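Dear colleague,

I am passing on to you the structure we spoke of, together with an account of what was found in it. Please read the notes below with the sequence and the coordinates open beside them.

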Amino acid sequence: MALNSLSLSLQFGKFPEAALHRAALPRHSVARWIRHALQSDAEITVRIVGEEEGQTLNRDYRGKDYATNVLTFDYTQEPFVTADLVLCAPVVEREAQENGKTLQAHYAHLLVHGALHAQGWDHETGEQDAEEMEAYEIEILAGLGIDNPYR
């Protein structure tokens with residue numbers, strides 16, 4: 001399977017436990033996970049942030065005053081995808097523990113999820129769209145050797 005090209009910037013904010021998250025996110029793994037979700041070439045910045053930065057961004061851009069697991073800021077879809085994916089490390093870690101997943105597997109899922117959003121996929125537009133997006137995520141993750149995250 002030929003994968004699309006990806007120009008990746010991987011950034012880590014300053015927050016407690018940043019070293020743990022940096023260790024769980026080697027650049028080559030992040031690139032591999034995202035590239036498997038791409039339907040065209042892309043330039044994507046991934047930023048891993050703490051709770052405060054995550055909450056501020058979610059409040060300022062979505063009007064929701066809490067930190068969420070992943071925010072996607074998509075700028076273009078053609079001729080190639082440009083986007084920022086912001087993942088809130090404490091939320092991702094908490095969700096992974098609550099769902100009995102490894103931190104890496106949960107990050108892989110959320111990066112695939114965010115990359116799909118950057119390409120126009122949207123699970124909030126209706127039940128059918130949500131089911132299609134979920135099925136596609138499961139398929140992509142299976143190809144990466146990662147179990148169905150929705151079990």
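**Helix H2 and the nonpolar cores**

In H2 the buried residues are Ser 29, Val 30, Ala 31, Trp 33, Ile 34, His 36 and Ala 37, and the cover over these buried residues includes S1, H1, S2, S4, H5 and H6. Please keep in mind throughout that this is a predicted model, and that what follows was computed from it.

One member of that list, Ile 34, returns in the largest nonpolar core, which has 38 residues and in which Ile 34, Val 46 and Leu 87 touch the most other members. Two or more residues of this core come from each of strand S1 (6-12), helix H1 (18-24), helix H2 (27-37), strand S2 (42-49), strand S4 (81-88), helix H4 (89-98), H5 and H6, and it is H5 that gives the most, with nine residues. A second, separate core of eight residues has Leu 57, Val 86, Cys 88 and Val 91 among its members. As for Leu 87, its contacts, leaving aside residues up to four places away in sequence, are Val 46, Arg 47, Ile 48, Val 49, Asn 69, Val 70, Val 92, Tyr 107, Leu 110 and Leu 111.

**Two residues of helix H5**

Ala 108 belongs to helix H5, which covers residues 103-118, and Ala 108 counts as buried because its relative accessibility is 0%, where the limit for buried is under 20%. Apart from residues up to four places away in sequence, Ala 108 touches Trp 33, Leu 141 and Ile 146; moreover, the C-alpha atom of Ala 108 is separated by 9.2 Å from that of Arg 32, although the two residues are 76 residues apart along the chain.

His 109 is likewise found in helix H5 and is buried, with a relative accessible area of 6%. With residues up to four places away in sequence again left out, His 109 touches Lys 101, Glu 137, Leu 141, Pro 149 and Tyr 150. His 109 and Ile 146 lie 37 residues apart in sequence, while the distance from C-alpha to C-alpha is 8.5 Å.

**Aromatic pairs**

The count of aromatic pairs comes to two. Tyr 61 and Phe 73 form an edge-to-face pair, with 5.1 Å from centre to centre and 80° between the planes. Since Tyr 61 lies in helix H3 (residues 51-62) and Phe 73 in strand S3 (residues 70-76), this pair ties together parts that are 12 residues apart in sequence. Tyr 61 is exposed, with a relative accessible area of 58%, whereas Phe 73, at 17% relative accessibility, counts as buried.

The other pair is Trp 121 with Tyr 136, which is stacked, at 5.1 Å centre to centre and with 20° between the planes. Here Trp 121 lies in the loop between H5 and helix H6 (127-143) and Tyr 136 in helix H6, so the pair ties together parts that are 15 residues apart in sequence. Trp 121 counts as partly exposed, at 23% relative accessibility.

**Pockets**

The largest pocket has a volume of about 440 Å³, and of the 15 residues that line this pocket, Arg 62, Val 70, His 117, His 123 and Glu 124 are the closest to its centre. The elements that give two or more residues to its lining are H3, S3 and H5, and S3 gives the most, with five residues. By type, the lining of the largest pocket divides into five nonpolar, six polar and four charged residues.

The second largest pocket has a volume of about 170 Å³. Its lining includes Ala 105, His 106 and His 109, as well as Ile 146, Asp 147, Asn 148 and Pro 149, so that His 109, described above as buried, appears here again. The lining of the second largest pocket divides into three nonpolar, six polar and three charged residues.

**Two points of backbone geometry**

Finally, two places in loops deserve a mention. Glu 78 and Pro 79 are joined by a cis peptide bond, with omega about 0°, and Pro 79 is found in the loop between S3 and S4. Glu 17, although not a glycine, has a positive phi of about 70°, and Glu 17 is found in the loop between S1 and H1.

With best wishes

Key
Residues numbered from 1 in each chain as written. Predicted model: local features only at pLDDT ≥ 70, side-chain atom pairs only at ≥ 80, totals over all residues. Heavy atoms only, no water. Helix = DSSP H or I, 4+ residues; strand = E, 2+ residues; numbered from the N terminus. Buried < 20%, exposed > 50% of the residue type's maximum accessible area, 1.4 Å probe, protein only. Contact = heavy atoms within 4.5 Å. Phe/Tyr/Trp six-rings, centres within 6.5 Å; stacked < 30°, edge-to-face > 60°. 1 Å grid on protein atoms, 1.4 Å probe; cavity = no way out; pocket = protein on both sides within 12 Å on 5 of 7 lines; lining within 4 Å. Points joined across faces, edges and corners; volume = space filled by probe spheres on them. Nonpolar A, V, L, I, M, F, W, Y, C, P; charged D, E, K, R; others polar. Core = buried A, V, L, I, M, F, W, Y, C linked by side-chain atoms within 4.5 Å.
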